[in-house]
Amino acid sequence: MLMRSSSLGFLKTKKKVIRRRIIIFFHIYGEGFADSQRNLYKYFAKSLGCKLIDENIAVPKDIQELMFLENFQTGLRITFAVNEDMLSLPKKDRIGLSKGGLFSIPHDEDTWTFIWHETFEWLNVFYWYNYNVEQELGFPWVADSQYLHLGTYSLSTPEWHSEIIKMKCNQDKVWVELMKNKIDQVD
């Protein structure tokens, strides 16, 4: 029930999140936002752990242990950033869920640096383990704040982006014309 109610809370505030580039956990979870955001953080920590296991890399002990703790310290920082390219596309053309490649650097037997990201439509979740966070990709989060400030980025130039939108609009017009012609042929 918690996941369903929190999802509904996020959907209700989605437009504000996009406009303001801030997530206010109280608006999503209500009075229980502290526990709920901690559970959300653990969800993301588990997602990174699964990625590490997929890559045959041991999950750092601090990430394993935080799953069972109410208060914890970890080298994992998470940031959230709006992908302006995806946000500007029609919803049907956005990527639903994708997982980026893992960047990993072993420092010694017990110390690693990891950088990874996941994409949820227009929102990217960046994982930074034992690495200084790229602040333009969002303010570091460790389930320790009612407010989550989103970063923003775009991989395209404004000119390229305009061309893609024009091509998409023209593609839709061509498809509509083709469908009209097919319907006319049937009649």
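The following exercises, with worked solutions, concern a predicted model of a protein chain.

**Exercise 1.** Determine whether the end-to-end distance of helix α3 agrees with the span expected from its number of residues.

*Solution.* Helix α3 covers residues 33-54, that is, 22 residues. The expected span is 1.5 Å times one less than the number of residues. For α3 this gives 32 Å. The end C-alpha atoms lie 31 Å apart, which agrees with the expected value. Just after the helix, Asn56 takes a positive phi of about 60 degrees.

**Exercise 2.** Classify Arg38 and Asp35 by burial, and state how their side chains are related.

*Solution.* Buried means under 20% relative accessible area, and exposed means over 50%. Arg38 has a relative accessible area of 14%, so Arg38 is buried. Asp35 stands at 44% and therefore counts as partly exposed. The two side chains form a salt bridge, with an N to O distance of 2.9 Å. Both residues belong to helix α3 and are 3 residues apart, about one turn of the helix.

**Exercise 3.** Locate the partners of the salt bridge between Glu84 and Arg21 along the chain, and classify each by burial.

*Solution.* The N to O distance in this salt bridge is 2.5 Å. Glu84 lies in helix α5 (residues 84-88), whereas Arg21 lies in the loop between α1 (2-20) and β1 (22-24). The partners are 63 residues apart, and the pair thus links distant parts of the chain. Glu84, at 26% relative accessible area, is partly exposed. Arg21, at 23%, is also partly exposed.

How values were computed:
Residues are numbered from 1 along each chain as its sequence is written. This is a predicted model: local features need pLDDT of at least 70, side-chain atom pairs count only at pLDDT 80 or more; totals for chains, interfaces and linings use all residues. Side-chain values use heavy atoms; hydrogens and water are left out. Helices (H or I, at least four residues) and strands (E, at least two) are DSSP runs, numbered from the N terminus. A salt bridge is a side-chain nitrogen of Lys or Arg within 4 Å of a carboxyl oxygen of Asp or Glu. Buried means under 20% relative accessible area, exposed over 50%, partly exposed in between (1.4 Å probe, protein chains only).
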